[in-house]
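Open the model in your viewer and keep the sequence panel beside it. The tour goes from one selection to the next and says what to look for at each stop.

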Amino acid sequence: MIRYLIIDDEPIAHDIIKGYCDLVPNMRLVKNCYDALDAFEFLNTNDADLIFLDLNMPVLKGFDFLKTLQNPPKVIITTAYSEFAVEGYEYPISDYLLKPFGFERFLKAINKAFSSPNQKTIPFENSIISRQIFVQSNKRHIQLEIENILYIEATGNYTKIITSDQTITIREKISAFLELLPKNEFVQTHKSFVVAVKQINSIEGNTVFIANHKIPIGKIYKLNILQLLK
């Protein structure tokens, strides 16, 4: 379960963020804070996995608040001021959402915060799940384990994600989806195919074999395979 905290002086911002979070599995609101001092007091005695943080707040600004935290949780900035983005690189921030933002952009921020191999794992109920991302297929929001992905196939503006037990089609280009995945665990074999390295059973000629699937190797991508075989 991802425990999150909203810090924003605008009530409507709380409603929008909570509404988006309610669409995502395994997220629980632990506190609505309307100023940074309230959040500081809460975090002194409570834990959170994620903070949605506004920057332009009374008394204590967002970045000044971050300076007070010794071991901050994941932080996603939510602000109407794009000029603060450069300063944000000085802090341990997962993403920077510029208001107003839609659900698709919000979902990418959640994925970015928790799918990187360099990030800590998230404590889900009753088990420890290593890395998961959320994808939108039609009107469903599906929680997908990276470990189960066999390969990915581009089909125009859509991407097919083939896992060990299902095929999911999302309306997103393959290049955009690849940004959510750990680069060292996937290799592109063709302009339309990317495979999970650990799922490869064998390589023969211009074909990669994964389970009962045959994935082609394009001429300009043979170097990727040769580097893999070293």
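A residue is called buried here when its relative accessible area is under 20%. With that cut-off in mind, note that the model is predicted, and begin with a strand.

**Stop 1: strand S4**

Select residues 74-79, which make up strand S4. Are the two faces of S4 covered or open? Both are covered: Lys74, Ile76 and Thr78 are buried on one side, and Val75, Ile77 and Thr79 are buried on the other. That gives six buried residues out of six in S4.

Now add strand S3, residues 50-53. S3 and S4 run in the parallel sense and pair over four bridges. To see how they line up, pick leucine 53, which stands opposite isoleucine 77 in S4.

Next, pick proline 72, in the loop between H3 and S4. Proline 72 has a relative accessible area of 28%, so the label for it is partly exposed. Draw a distance from its C-alpha to that of leucine 50: the two are 8.7 Å apart in space, while 22 residues separate them in sequence.

**Stop 2: the charged residues around lysine 99**

Select lysine 99 and aspartate 8 and show their side chains. They meet in a salt bridge with an N to O distance of 2.7 Å. Why does this pair tie together parts that are 91 residues apart in sequence? Lysine 99 lies in the loop between strand S5 and helix H5, and aspartate 8 in the loop between strand S1 and helix H1, so the salt bridge joins these two loops. Aspartate 8 is buried, at a relative accessible area of 0%.

Keep lysine 99 and add aspartate 54. These two also form a salt bridge, and their closest N and O atoms are 3.8 Å apart. Aspartate 54 is in the loop between S3 and helix H3, so this pair ties together parts 45 residues apart in sequence. Aspartate 54 counts as buried too, with 5% relative accessibility. Taken together, Asp8, Asp54 and Lys99 are linked in a network of salt bridges.

The general idea is simple: side chains of opposite charge can pair when their charged atoms come close.

How many salt bridges does the structure hold? It holds 10. Another one of them joins aspartate 95 and lysine 112, with 3.9 Å between the closest N and O atoms. Aspartate 95 is in strand S5 and lysine 112 in helix H5, 17 residues apart. The two ends of this bridge have separate labels: aspartate 95, at 8% relative accessibility, counts as buried, whereas lysine 112, at 45%, counts as partly exposed.

**Stop 3: the hairpin of S8 and S9**

Select residues 132-137 for strand S8 and 140-145 for strand S9. They pair in the antiparallel sense over six bridges. Click on phenylalanine 134 and look across to S9, where its bridge partner is glutamine 143. Two residues lie between the strands of this hairpin, and asparagine 138 in the turn has a positive phi of about 55 degrees.

**Stop 4: the largest pocket**

Leave S8 on the screen and show the surface. The largest pocket has a volume of about 280 Å³. Which residues are closest to its centre? Of the 16 that line the pocket, they are Glu104, Gln136, Ile170, Arg171 and Glu172. H5, S8 and strand S12 (167-170) are the elements that give two or more residues to the lining.

**Stop 5: strand S14 and its partners**

Select strand S14, residues 193-196. Both of its faces are covered: Phe193 and Val195 are buried on one side, Val194 and Ala196 on the other.

Add strand S13, residues 186-190, which pairs with S14 in the antiparallel sense over four bridges. S13 and S14 form a hairpin with two residues between them. Histidine 190 has phenylalanine 193 in S14 as its bridge partner.

Then add strand S10, residues 149-155, which pairs with S14 in the antiparallel sense over three bridges. Here tyrosine 151 stands opposite valine 195.

**Stop 6: a patch on the surface**

Finish at helix H7, residues 222-229, where leucine 226 is found. Select Leu223, Leu226, Leu228 and Leu229: they form a nonpolar patch on the surface, and together they have about 380 Å² of accessible area.

Methods. Residues are numbered from 1 along each chain as its sequence is written. This is a predicted model: local features need pLDDT of at least 70, side-chain atom pairs count only at pLDDT 80 or more; totals for chains, interfaces and linings use all residues. Side-chain values use heavy atoms; hydrogens and water are left out. Patches are made of residues with over 30% relative accessible area and no salt bridge: like charges are joined within 9 Å, nonpolar side chains (Val, Leu, Ile, Met, Phe, Trp, Tyr) within 5 Å. Accessible areas come from the Shrake-Rupley method with a 1.4 Å probe; for residues, only the protein chains shown count as cover. A salt bridge is a side-chain nitrogen of Lys or Arg within 4 Å of a carboxyl oxygen of Asp or Glu. Buried means under 20% relative accessible area, exposed over 50%, partly exposed in between (1.4 Å probe, protein chains only). Two strands pair if DSSP finds at least two bridges between them. On a 1 Å grid over the protein atoms alone, a cavity is a set of points where a 1.4 Å probe fits but cannot get out, and a pocket is an open set with protein on both sides within 12 Å along at least five of seven lines; lining residues have an atom within 4 Å of a point. Grid points are joined across faces, edges and corners, and a volume is the space filled by probe spheres set on the points.
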